[in-house]
Amino acid sequence: MRPSRYSLAATPLKDPWEKREAWRYTGQFSRYNRLKGMFPGFGVGATAFVLYCVYEKLTASPGGH
């Protein structure tokens, strides 16, 4: 008996390009590494800003404006 074309479409077939596309999601191209490199200077800038705020708080004169 010959299967209908709708039953063949419902079964998932193995992707022939799966092995060739695997490099896009491993190593330096993983999701974590892509997001980590999105803001390259953010860590240095945030650290400098926090250190500046702490320095200002410690050395500010109590007189106000």
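Trainee: In which helix is confidence lowest, and in which is it highest?
Mentor: This is a predicted model, where local features need pLDDT (the predictor's confidence in each residue, from 0 to 100) of at least 70, side-chain atom pairs count only at pLDDT 80 or more, and totals for chains, interfaces and linings use all residues. Residues are numbered from 1 along each chain as its sequence is written, and side-chain values use heavy atoms, with hydrogens and water left out. Confidence is lowest in helix H1 (residues 5-10), at a mean of 54, and highest, at 95, in H4.

Trainee: What pattern does the protein follow along the sequence?
Mentor: Helices (H or I, at least four residues) and strands (E, at least two) are DSSP runs, numbered from the N terminus. The protein has four helices and zero strands. Read along the sequence, the pattern is α-α-α-α.

Trainee: Is Leu-58 buried or exposed?
Mentor: Leu-58 lies in helix H4, residues 42-59. Buried means under 20% relative accessible area, exposed over 50%, and partly exposed in between (1.4 Å probe, protein chains only). With a relative accessible area of 71%, Leu-58 is exposed.

Trainee: What percentage of the residues count as buried?
Mentor: The protein has 65 residues. Of these, the share that counts as buried is 2%.
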